[in-house]
Amino acid sequence: MDKVIKLENVNQYNELYGLETLHPLISVIDLTKATKTVNHIQMNYGLYALFLKESKSCDIKYGRQYYDYQEGTIVCFAPGQVASIHAQEGTRPTGYGLLFHPDFIRGTQLGHDIRNYSFFSYEAREALHLSEEERHTVIDCLHKSDTELRRPADKHSRRLITANIGLLL
């Protein structure tokens with residue numbers, strides 16, 4: 001049986017992978033910088049999560065079915081969803097991610113609209129397949145968000161990051 005982790009904040013995820021937490025409600029993830037690996041785990045998400053997978057180094061079970069994804073696709077999870085991760089032994093994850101607590105977007109237009117995005121649904125078991133140009137756009141938005149997170153946080157930073165998340169979605 002996989003260990004079940006209830007992810008209630010971004011710091012819990014970052015600690016699993018040995019990554020730095022710059023903000024308590026949002027984190028831009030670069031899995032190539034992870035100092036720890038997780039091989040078999042079940043995550044109960046209390047966060048929104050989007051991952052641009054650069055390689056298929058694990059199998060993801062979403063509900064009772066395996067997630068259909070490959071290199072260069074985005075996989076998405078919403079609060080209340082559970083995913084099992086089964087990493088291939090000896091491999092390190094690669095790719096980028098964005099994790100954010102629902103409180104980060106509360107009171108914003110994105111916070112109101114996010115329930116309409118079908119790719120956070122349990123019914124969607126297929127990843128979003130991206131073109132090369134779309135991958136570059138996603139990575140650029142993540143880099144811009146990461147740059148904002150490294151500065152002192154203010155309302156302007158939150159608006160910029162929320163706008164970048166909106167571009168990704």
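This is a short talk about how one protein chain is built, what fills its inside, and where empty space is left.

Good morning, everyone. Please keep in mind from the start that what we are looking at is a predicted model, and I will go from the overall layout to the cores, then to the empty spaces, and finally to a few single residues.

Let me begin with the chain as a whole. The protein chain has five helices and ten strands, and of its 169 residues, 46% count as buried. If we take the contacts between residues at least 6 apart in sequence, 72% of them join residues at least 24 apart.

Now to the inside. In soluble globular proteins, nonpolar side chains tend to be buried together. In this model, the largest nonpolar core has 26 residues, and the ones with the most contacts inside it are Ile26, Leu50, Leu98, Phe100, Phe120, Ile165 and Leu169. Several elements give two or more residues to this core, namely strand 2, strand 4 (48-53), strand 7 (73-77), strand 9, helix 2, helix 4 and helix 5 (155-168). Which element provides the largest share of this core? That is helix 4, with five residues.

To see this core from one residue, take Ile165, which touches Ile26, Leu98, Phe100, Phe104 and Leu110, leaving aside residues up to four places away in sequence. There is also a second, separate core of 25 residues, and Ile5, Leu7, Ile85 and Leu99 are among them.

Let me turn to the empty spaces. Rolling a probe the size of a water molecule over the atoms shows where empty space is left. How many cavities of 30 Å³ or more does the count give? The count comes to two.

The largest cavity holds about 210 Å³ of space. Its lining is made of 20 residues, and those nearest its centre are Tyr13, Tyr17, Lys53, Cys58 and Ile85. Helix 1 (10-17), strand 3 (40-45), strand 4, strand 5 (58-62), strand 7 and strand 8 (82-87) are the elements that each give two or more residues to this lining. By class, the lining of the largest cavity divides into 14 nonpolar, four polar and two charged residues.

The second largest cavity has about 50 Å³ of space, and the residues that line it are Leu50, Phe51, Leu52, Ile74, Leu98, Val138, Leu142 and Leu168. Two elements, strand 4 and helix 4, give two or more residues to this lining, and the largest share, three residues, comes from strand 4. What classes of residue make up this lining? There are eight nonpolar residues, with no polar and no charged ones. You may recognise two names here, since Leu50 and Leu98 line this second cavity and are also listed among the residues with the most contacts inside the largest core.

Next comes the largest pocket, which has a volume of about 280 Å³. It is lined by 17 residues, and the closest to its centre are Val28, Asp30, Lys33, Asp146 and Arg150. Both strand 2 (26-30) and helix 4 (132-149) supply at least two residues of the lining, and strand 2 gives the most, with five. Sorted by class, the residues of this lining are eight nonpolar, four polar and five charged.

I would like to finish with some individual residues, and the first is His101, whose place is in the loop between strand 9 (95-100) and helix 2 (102-105). Is His101 buried or exposed? Its relative accessibility is 19%, and because the cut-off for buried is under 20%, His101 counts as buried. Not counting residues up to four places away in sequence, His101 touches Glu8, Leu25, Gly46 and Leu47.

Glu15 lies in helix 1, and because its relative accessibility is 49%, it counts as partly exposed. The C-alpha atoms of Glu15 and Thr35 are separated by 9.5 Å, although these residues are 20 residues apart along the chain.

Lastly, the cysteines. A disulfide is a covalent bond between the sulfur atoms of two cysteines. In this model the count comes to zero disulfides. Cys76 counts as buried because its relative accessibility is 0%, and Cys141, at 4%, counts as buried too.

Thank you for listening, and I am happy to take questions.

Methods: Residues numbered from 1 in each chain as written. Predicted model: local features only at pLDDT ≥ 70, side-chain atom pairs only at ≥ 80, totals over all residues. Heavy atoms only, no water. 1 Å grid on protein atoms, 1.4 Å probe; cavity = no way out; pocket = protein on both sides within 12 Å on 5 of 7 lines; lining within 4 Å. Points joined across faces, edges and corners; volume = space filled by probe spheres on them. Helix = DSSP H or I, 4+ residues; strand = E, 2+ residues; numbered from the N terminus. Nonpolar A, V, L, I, M, F, W, Y, C, P; charged D, E, K, R; others polar. Buried < 20%, exposed > 50% of the residue type's maximum accessible area, 1.4 Å probe, protein only. Contact = heavy atoms within 4.5 Å. Core = buried A, V, L, I, M, F, W, Y, C linked by side-chain atoms within 4.5 Å. Disulfide = S-S within 2.5 Å.
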